[in-house]
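Here's a protein to walk through together, from the overall fold down to its pockets. Have a look at the model before reading on.

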Amino acid sequence: MDSFLEQQQRQEEAVTGRSRSGRGAAAGSALQPPLPSLEPLPLQPASSHEHKLNFRKSKEACLSYIQDAMLQKQWKRAAEFLTFYVESLEKDYSREHVGPSEIIWRIGTEVFCHHSHKSMKEFSCFMEQMKTLGVKRYLKVCLEHVFHLLCNGQIDEAYQNLSLAESWRYGEQTAIQDREMKLVQAYRGLLDYYSWSKQKNILLEHGVDGFADLSVEQEMHSCFRKAAMNLKEIIKIPGVWDLFVKCYVDMLEFYGDPNEARQVLNEYAYNSRFPANPNAHVYLYQFLKRQGESKKSLISALKILHDIVPSHELMIEFNTMLQKSKKRKKRRLGLEVIFAALDYAGWKENVKAWSCLARQVKQIVISEKHLDWIKQEWNSRKDWWPAFHFSRYLAKRNWQENKSLSYEKALVAGILLGKDCKYFKYVSHQGCKAQVKRFRMLKKFVNRHNPVYLRISGLSDSSVQP
């Protein structure tokens with residue numbers, strides 16, 4: 001058998017044109033190398049430098065072929081190269097231990113994910129090889145294997161793999177991989193929660209009736225104990241544990257322990273050792289809402305969320321609560337919240353958001369109180385909102401696609417930019433042309449309150465057209 005290095009040399013000759021023996025078709029096929037064969041080293045003294053050097057060069061060349069195949073998305077060919085590479089490592093008879101590096105594990109996983117003829121059986125075989133040959137990353141490989149099993153709906157197989165991983169012991173490597181072990185236990189807890197949830201739904205659907213249901217209830221409680229033990233431990237470690245926290249809180253609420261659930265959520269949201277996480281405040285808010293907490297508590301939770309993510313979808317709910325408040329300070333904050341949300345492109349066509357802003361702005365204009373609120377918000381936006389929200393192009397598109405949206409936006413545009421605003425003029429004209437009553441009323445309202453635009457903009461006349 002020719003060595004892999006000789007095959008590599010012949011390939012290079014074909015590419016550079018030095019090989020003339022083949023015809024045109026053969027020369028074209030030479031650009032793709034034949035399958036490599038890493039010659040295993042014969043049993044010989046470890047001092048045989050030449051064999052070690054050749055074997056190392058062969059490995060490097062094979063890895064280069066794998067990389068090229070992956071870059072060209074030739075996943076089948078990359079898999080073939082990788083198979084030869086791993087098999088050759090297993091057949092290496094040198095006294096020097098040769099273990100697969102992390103890059104081989106990563107490459108193999110990537111290849112299997114994209115291979116057109118992949119199967120979970122083959123992927124699992126590959127993962128077992130990686131576990132056997134790489135004890136230093138045994139638990140990482142186990143977790144990767146479990147993730148792929150879960151993505152393919154193989155829940156029982158994933159649980160079995162997690163159980164085996166949890167019982168794994170390998171001297172000092174067990175202690176070194178303590179963090180990975182905690183993840184293994186946490187994901188096993190997650191699957192125990194999944195089993196608990198299934199049993200719970202059975203009970204809720206059919207009720208407790210007879211010995212069969214009693215066994216279901218016992219099984220459910222058993223799953224709860226196992227899940228709670230593992231989930232409780234992982235969420236004590238600073239990190240982002242959204243799914244684990246939600247599952248643990250769900251079980252605590254079901255068994256009537258809201259105080260423990262509240263403590264868990266407060267710790268997750270406010271403990272400075274944990275990274276800033278908007279979801280932590282969302283979960284706390286949702287819990288407080290389920291528990292029927294006061295508006296003050298709900299507003300406090302959403303205020304922090306607003307400071308972190310002003311474009312969060314809950315900002316409409318936040319704005320609504322603030323507008324219902326009797327306190328002027330909170331209504332002022334409500335205006336700030338909805339203006340801030342509409343600064344983001346994802347909200348440009350949100351009818352609810354524009355309706356909230358239009359309603360509050362209209363109330364302020366009618367009462368002629370707190371016009372300074374609008375002016376303060378508008379001052380930082382008047383240079384870019386007209387093009388961002390109120391162009392003639394957007395007026396045409398909004399009118400064609402969503403007349404409710406165009407109505408709310410036209411009202412806001414008319415107040416902020418006056419009756420000569422391009423957006424307002426186009427929409428109000430189209431609405432009146434279509435003989436829609438609310439658009440005629442909109443036009444009258446903006447024309448009647450045009451002096452408000454002058455006060456907000458600080459202009460002496462309304463001749464400036466956006």
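The tour starts with the whole chain and then moves to two pockets.

Keep in mind that this is a predicted model. When you trace the backbone, you'll be following helices: the protein has 25 of them and 0 strands. Of its 466 residues, 44% are buried. As for how the chain meets itself, take the contacts with a separation of 6 or more: 62% of those link residues 24 or more positions apart. On the outside, the protein exposes about 25,600 Å², and carbon and sulfur atoms supply 51% of that area.

Now for the pockets. The largest one holds about 290 Å³ of space. Its lining takes in 14 residues, and Ala79, Thr83, Phe112, Glu122 and Phe126 sit nearest the centre. Helix H4 (75–90), helix H5 (102–114) and helix H6 (120–133) are the elements that each give two or more residues to this lining, with H4 giving the most, 5 residues. Sort the lining of the largest pocket by class and you get 7 nonpolar, 4 polar and 3 charged residues.

Next, swing over to the second largest pocket, with about 240 Å³ of space. Here 13 residues form the lining, and the closest to the centre are Ile235, Lys236, Gln263, Val264 and Glu267. Helix H12 (242–254) and helix H13 (258–270) each supply at least two lining residues, and H13 has the largest share, with 5 residues. By class, the lining of this second largest pocket comes to 6 nonpolar, 2 polar and 5 charged residues.

How values were computed:
Residues numbered from 1 in each chain as written. Predicted model: local features only at pLDDT ≥ 70, side-chain atom pairs only at ≥ 80, totals over all residues. Heavy atoms only, no water. Helix = DSSP H or I, 4+ residues; strand = E, 2+ residues; numbered from the N terminus. Buried < 20%, exposed > 50% of the residue type's maximum accessible area, 1.4 Å probe, protein only. Contact = heavy atoms within 4.5 Å. Areas by Shrake-Rupley, 256 points an atom, 1.4 Å probe, with all protein chains shown as cover. 1 Å grid on protein atoms, 1.4 Å probe; cavity = no way out; pocket = protein on both sides within 12 Å on 5 of 7 lines; lining within 4 Å. Points joined across faces, edges and corners; volume = space filled by probe spheres on them. Nonpolar A, V, L, I, M, F, W, Y, C, P; charged D, E, K, R; others polar.
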